[in-house]
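Q: Please take one part of this structure and look at it closely, placing it within the whole before moving on to the contacts that join other parts of the chain.

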Amino acid sequence: MWSFDLRVCALAALVAAVATFSAGCGFHLRGQAQLPFDTLYIPGSTPLVVELKRNVAAASKTRLVASQSDAQAVLGFTQELRDKVILSFNTAGRVSEYQLRYRVGFRVTDTMGGQVYLPTSEILLTRDVSYGDAQVLAKEAEEVLLYRDMQSDMVQQILRRLVAAKPVSPLAE
């Protein structure tokens, strides 16, 4: 008799602890981003721009427009670079590790460039990758996947910066 009551109490305590923990952990769905402008123009058609446009359209109420003259704000890219840098060599003098770098520079202004919503910013993402001569094809495929993952991370970071953008005077830049 005791063991049944004890099991029920233990189970109830466990359920209550799990419910309390999951309610207090801070998890919530991302929801819609509130960008400080109603319309946005993003020029270009690179894979980064395409993914960024898709995310802005899906995650915010900001409307993407097809021409700069119809936009309240313009997101312009100053650079987009992908690099591969050697980090280390093995005892035979061959590459054993390298670093992938993805650097993007951008700014957000009004259509005339007079009002700056987000001054020129730069984001640098890196990934370290081990390398072996016996796995050349696999490492090339891994590099492609890592760059694609870095691009998705880049889009999310740009979106977070767009949400935090505030109009500033061009003289303050």
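A: Accessible areas here come from the Shrake-Rupley method with a 1.4 Å probe, and for residues only the protein chains shown count as cover. On that basis the accessible surface of the protein, which is a predicted model, comes to about 11000 Å², with 59% of it belonging to carbon and sulfur atoms. Of its 173 residues, 28% count as buried. The protein has 3 helices and 5 strands, and read along the sequence these follow the pattern α-β-α-β-β-β-β-α. Among contacts between residues at least 6 apart in sequence, 68% join residues at least 24 apart.

The part chosen for the close look is helix H2, which covers residues 47–59. At 1.5 Å a residue, its 13 residues should span 18 Å, and the end C-alpha atoms are 18 Å apart, so the expected and the computed span agree. Within H2, the residues that count as buried are Leu48, Val49, Glu51, Leu52, Asn55 and Val56. Seen down the axis of H2, these buried residues fall within an arc of 165 degrees, and they therefore line one face of the helix. An α-helix has 3.6 residues a turn, so residues three or four places apart point the same way. On the face of H2 turned away from the buried side sit the exposed residues Pro47, Arg54 and Ala58. The cover over the buried residues of H2 includes strand S1 (39–41), strand S2 (63–64), strand S3 (73–89), strand S4 (95–109) and helix H3 (136–163).

Two of the elements that cover H2, strand S3 and helix H3, also take part in a charged contact. A search of the whole structure finds 6 salt bridges, and one of them pairs Lys84 with Glu143, the closest N and O atoms being 2.8 Å apart. Because Lys84 lies in strand S3 and Glu143 in helix H3, this pair ties together parts that are 59 residues apart in sequence. The two partners fall in separate accessibility classes: Lys84, at 48% relative accessibility, counts as partly exposed, whereas Glu143, at 17%, counts as buried, the cut-off for buried being under 20%.

A further salt bridge joins Asp133 to Arg94, with the closest N and O atoms 3.2 Å apart. Asp133 lies in the loop between strand S5 (116–130) and H3, and Arg94 in the loop between S3 and S4, so this pair ties together parts that are 39 residues apart in sequence. Asp133 itself is partly exposed, with a relative accessible area of 42%.

Helix H3 also meets strand S5 through a salt bridge between Arg127 and Asp149, whose closest N and O atoms are 3.4 Å apart. This pair links distant parts of the chain, since Arg127 in strand S5 and Asp149 in helix H3 are 22 residues apart. Salt bridges that share partners join Arg127, Asp149 and Asp153 into one network. Within it, Asp149 counts as partly exposed at 36% relative accessibility.

Away from these charged contacts, the surface carries a nonpolar patch formed by Leu11, Leu14, Val15 and Val18, which together have about 390 Å² of accessible area. One of its members, Val15, is found in helix H1 (residues 2–24) and counts as exposed at 52% relative accessibility.

Note on methods:
Residues are numbered from 1 along each chain as its sequence is written. This is a predicted model: local features need pLDDT of at least 70, side-chain atom pairs count only at pLDDT 80 or more; totals for chains, interfaces and linings use all residues. Side-chain values use heavy atoms; hydrogens and water are left out. Helices (H or I, at least four residues) and strands (E, at least two) are DSSP runs, numbered from the N terminus. The expected span of a helix is 1.5 Å times one less than its number of residues. Buried means under 20% relative accessible area, exposed over 50%, partly exposed in between (1.4 Å probe, protein chains only). The arc is that of the directions from the helix axis to the C-beta atoms. Contact means heavy atoms within 4.5 Å. A salt bridge is a side-chain nitrogen of Lys or Arg within 4 Å of a carboxyl oxygen of Asp or Glu. Patches are made of residues with over 30% relative accessible area and no salt bridge: like charges are joined within 9 Å, nonpolar side chains (Val, Leu, Ile, Met, Phe, Trp, Tyr) within 5 Å.
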